[in-house]
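This report goes through selected local features of one protein chain. Please keep the sequence and the model open while reading.

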Amino acid sequence: MKNFILLFTVLIALTINTNAQWTLQNSGTTAELKSVYFTDANTGYTVGLEGTILKTSNGGTTWIAQNSGTTTILNSVYFTSATTGYVTGGGGIILKTTNGGTNWTPLTTGTTESLRGIYFTDANTGYAVGGYSSAGGGVIFKTTNAGSTWTAQTSGVTTWLNSVYFLDANTGYAVGGESTGGRIIKTINGGTTWTVQSIPTGYAMYSVYFASTSTGFAIGNSGEILKTINGGSTWSQLNSGITGVMYSITFAPKGSATIGYAVGWNGKILKTTNGGTTWASQPSGTTSTLNAVFFTSTTTGFAVGANGKILKTTNGGTLGMEENRTENQLNIFPNPASDYINLNMDQNITSDMKMNIYTISGELIKTINLKNKQQQINIEELKSGMYTVEISSEKWSGQQKLIIQK
């Protein structure tokens with residue numbers, strides 16, 4: 001065992017998440033809701049099964065049913081202005097409103113394949129993606145005239161596409177997949193051509209979000225969360241801590257890559273405050289699957305899902321009662337370290353805990369289940385450098401930098 005010149009104790013402030021706050025809104029429906037979009041802090045729309053379209057004009061306090069003119073499933077909603085919006089759904093349906101949802105008009109796409117995602121880069125140019133049958137997977141349609149006509153594009157894949165996201169007029173991404181594996185495709189010429197990207201998972205992807213030309217995230221089956229920091233040239237797996245399906249991911253505010261949220265099966269809501277390096281589970285108050293999440297500000301957000309569930313937070317999911325500090329502490333020493341670290345846990349912490357060690361780039365390299373109040377952890381296999389040590393249980397999580405010197 002090596003001697004250490006510098007030895008000190010690091011106290012980690014462990015934030016209790018038991019007071020995370022999402023409140024149930026009265027949707028007035030039991031139909032499953034698939035997508036949600038707000039045009040401002042008060043005005044929002046959600047769509048779902050049975051042709052359901054709901055609108056709120058008071059920040060989610062009340063939701064009013066709108067006449068969609070269809071009973072088919074509606075999968076995605078997107079607005080290009082306060083009054084003009086689009087909805088995609090089963091059977092190749094695309095609906096458009098130019099008066100804030102008072103009337104919805106069907107547009108012609110020329111496909112009967114289910115359209116699952118929609119995104120506009122400006123008032124005129126938009127993309128719809130989908131696919132349902134094995135012969136009709138990889139569907140992408142583009143409009144350059146505000147939906148009057150839609151032109152099929154060649155995606156290069158045959159799997160379903162579930163979500164589409166554009167950074168600018170030229171650069172966009174679409175994600176999908178099924179039993180044959182997950183897919184992420186990219187265009188750099190406004191959809192004229194799409195290239196398949198290499199990803200480290202075989203699971204289908206359901207949602208994609210980009211904060212910049214370099215940093216993006218995708219989410220899908222088995223709790224998979226992927227991140228790229230080079231525009232999709234490579235993707236790395238993040239540790240979500242769960243195995244259930246995750247359907248939607250977003251960051252707040254839009255364009256941020258630090259504070260993010262993901263929702264999915266059994267009412268699961270995850271939050272990261274460090275760009276995806278670690279994710280903490282937030283109590284949603286429901287076991288209904290959540291299909292979509294949307295934030296109107298850094299703290300105000302909405303999640304929608306099965307059984308007509310609409311949830312709202314006005315504080316980023318945290319009540320603000322952050323306990324820790326002296327009662328729940330963890331001593332890590334030595335730091336810097338070489339061959340081992342000692343963990344000295346406060347006796348008030350009694351639940352089982354897990355320790356994850358990440359590289360500075362966010363790669364998970366070591367996981368240990370902690371059950372004793374004091375443990376010595378062997379780190380001989382780790383190279384010199386800066387690491388993040390995360391300690392977590394079902395109710396809280398905390399992290400601290402660790403320096404390893406050989």
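Pro336 lies in the loop between β31 (330-333) and β32 (340-345); helices (H or I, at least four residues) and strands (E, at least two) are DSSP runs, numbered from the N terminus. The peptide bond that leads from Asn335 into Pro336 is cis, with omega near 15°. Another cis peptide bond joins Ala252 and Pro253, where omega is about -5°. Pro253 sits in the loop between β24 and β25.

The model is predicted: local features need pLDDT of at least 70, side-chain atom pairs count only at pLDDT 80 or more, and totals for chains, interfaces and linings use all residues. Residues are numbered from 1 along each chain as its sequence is written, and side-chain values use heavy atoms, with hydrogens and water left out.

**The four-stranded sheet**

β24, β25, β26 and β27 form an open sheet in the order β24-β25-β26-β27, with antiparallel pairing. β24 (246-251) and β27 (280-282) are at the edges with a single partner strand each, so one side of each has no neighbour in the sheet. Direction ignored, neighbouring strands are turned by 25° against each other on average; axes are lines fitted to C-alpha atoms, for helices over the stretch in contact, and angles run from 0 to 180 degrees between N-to-C directions. Two strands count as paired if DSSP finds at least two bridges between them.

Strand β25 (residues 260-264) is joined to β26 by four bridges, and Ala262 has Leu270 of β26 as its bridge partner. The two strands form a hairpin with four residues between them, and Asn266 in the turn has a positive phi of about 55°. On its other pairing, β26 (residues 269-272) meets β27 over three bridges, also antiparallel. Here Lys271 stands opposite Ala280, and Ile269 stands opposite Gln282.

In a regular strand the side chains alternate between the two faces of the sheet. Both faces of β26 are covered: Ile269 and Lys271 on one side, and Leu270 and Thr272 on the other, are all buried. Buried means under 20% relative accessible area, exposed over 50%, and partly exposed in between (1.4 Å probe, protein chains only).

**Loop residues**

Thr109, in the loop between β11 (105-107) and β12, has a side chain that reaches the backbone oxygen of Gly92 at 2.9 Å and the backbone nitrogen of Thr111 at 3.4 Å. Such a polar contact is a pair of N or O atoms within 3.5 Å; within protein, one must be able to donate a hydrogen and the other to accept it, and residues adjacent in sequence count only if both atoms are side-chain atoms.

Glu50 has a positive phi near 60° although the residue is not glycine, and Ala146 likewise has a positive phi near 60°. The table gives the loop and the accessibility of these residues.

| Residue | Loop | Relative accessible area |
|---|---|---|
| Thr109 | between β11 and β12 | 9%, buried |
| Glu50 | between β5 (44-48) and β6 (53-56) | 58%, exposed |
| Ala146 | between β14 (139-143) and β15 (151-153) | 14%, buried |
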